[in-house]
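Biologist: I am new to this one. Could we look at it together and talk through the reasons behind the labels?

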Amino acid sequence: MAKTELSISSEIKELGIEEYARELESNGLTIVPPEVNGFGLERIDRIVEIILERAEAMTGAKFTLDDGPLDELEFPKPKLTPEQMQQIEALGFKDAILKPTQFLIQKLTQVDRMFRDLVVNPVSVALQNHMMAGQSRLSSVNCFVKWQGDFGYGPGLGLHADQAATPLPWGPVAHSGNSTWCLTDYTLDGGALAYVPGTHKESKPTPPPDRIKDAIPAEAPKGSVIVWHGATWHGAFPRKDKGLRLGLAVYHRHAANLPQEDVPGQTTEAMVEDTDNPEVYRILAGLTDKFPYREIQSEVVPHVKTSAATG
Ligand SMILES: [Fe+2]
């Protein structure tokens, strides 16, 4: 019989988070509250400040937690044929393309040490390694900045599995995994993450339409980390409230898969040293991996034996 459960590591036991690992296994998602993940709300507050500053620098609009963007925003006009635009309208994505209520701030590990400290949070790393049988690596670190509206996800809530690029069939070991840090409270009316419990065991990239009704909100207080399996169907509920929902996605990959962002190529030794745990960061960034190699020749080459070397 195929093995369907992953063994609980000594790391998980030492941290006392067996219940979260078990929930991740049965449910495909678990929420670890601030008092258990131990990152600390003071650092979360500082991260929020950095995100708000960066959002303003990128868009030109000032953002506040209570009111969202204080100016109206628009995305660059997409170069689409009338037929493509009709298709997009039919799929309900027109507003998402033309009228933004969400955008992504990318490559945050390059911006400040605190984003790298989130990456090496022991609870998050242990749960990611639990899903990936100890072979977790970093794929990207991005922040979803979301305000009132539904970002065009419509009634389907944008449900999908993150590891959809990996060919089927999938097994219990995750090909990707998400640790999303709630920088603001996650509530249903606040536009929480939507997910369908247990669907990491169904091995399908997207849900059939009749399963959309099974989506529930991942509600969590600020400072929580929501960890889910790359096969779990998830999306987002529309934000009905005013103000911002900020979700900081520390996205992991199994070592056998490509990263979203060129983490191994763009992580410097100075960045590694400037973290809570350089040893773990170096591994997660993929710097200790054999592949992809960057040397012209990574394997040793034999040369003609010289008389001096014959001894
Ligand atoms: Fe996703």
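Modeller: Gladly; we will go through a helix, a core and some strands of this predicted model.

Biologist: What makes Tyr20, Ala21 and Leu24 of helix 2 buried?

Modeller: A residue is called buried if 20 or more other C-beta atoms lie within 10 Å of its own. Tyr20, Ala21 and Leu24, in helix 2 (residues 18-27), are buried, so each of them meets that cut-off.

Biologist: How do you know that the buried residues of helix 2 line one face?

Modeller: Seen down the helix axis, they fall within an arc of 100°, so one face holds them. The face turned away from that buried side carries Glu18 and Glu19, which are exposed. Among the elements covering the buried residues are helix 1 (10-15) and strand 9 (225-229).

Biologist: Why is Val119 said to be in contact with Tyr281?

Modeller: Contact requires C-beta atoms within 7 Å, and Val119 and Tyr281 are in contact, so their C-beta atoms lie within that distance. Val119 also contacts Leu138 and Val250, among others. In the largest nonpolar core, of 71 residues, Val119 is one of those that touch the most other members.

Biologist: What makes strand 5 and strand 11 a pair?

Modeller: Pairing needs at least two bridges. Strand 5 and strand 11 (residues 245-254) have 10, in the antiparallel sense, so they count as paired. One of the bridges joins Ser136 to His254.

Biologist: Why is strand 5 called mostly covered?

Modeller: Nine of the 11 residues in strand 5 (residues 136-146) are buried. Strand 5 also pairs with strand 4 (residues 102-105), antiparallel over four bridges, and Gln102 is bridged to Lys146.

Conventions. Residues are numbered from 1 along each chain as its sequence is written. This is a predicted model: local features need pLDDT of at least 70, side-chain atom pairs count only at pLDDT 80 or more; totals for chains, interfaces and linings use all residues. A nonpolar core is a set of buried Ala, Val, Leu, Ile, Met, Phe, Trp, Tyr and Cys residues joined through C-beta atoms within 7 Å. A residue is buried if 20 or more other C-beta atoms lie within 10 Å of its own, exposed if 12 or fewer, and partly exposed in between; C-beta atoms are placed from the backbone. Two residues are in contact if their C-beta atoms, placed from the backbone, lie within 7 Å. Helices (H or I, at least four residues) and strands (E, at least two) are DSSP runs, numbered from the N terminus. The arc is that of the directions from the helix axis to the C-beta atoms. Lists of a residue's contacts leave out its neighbours within four places in sequence.
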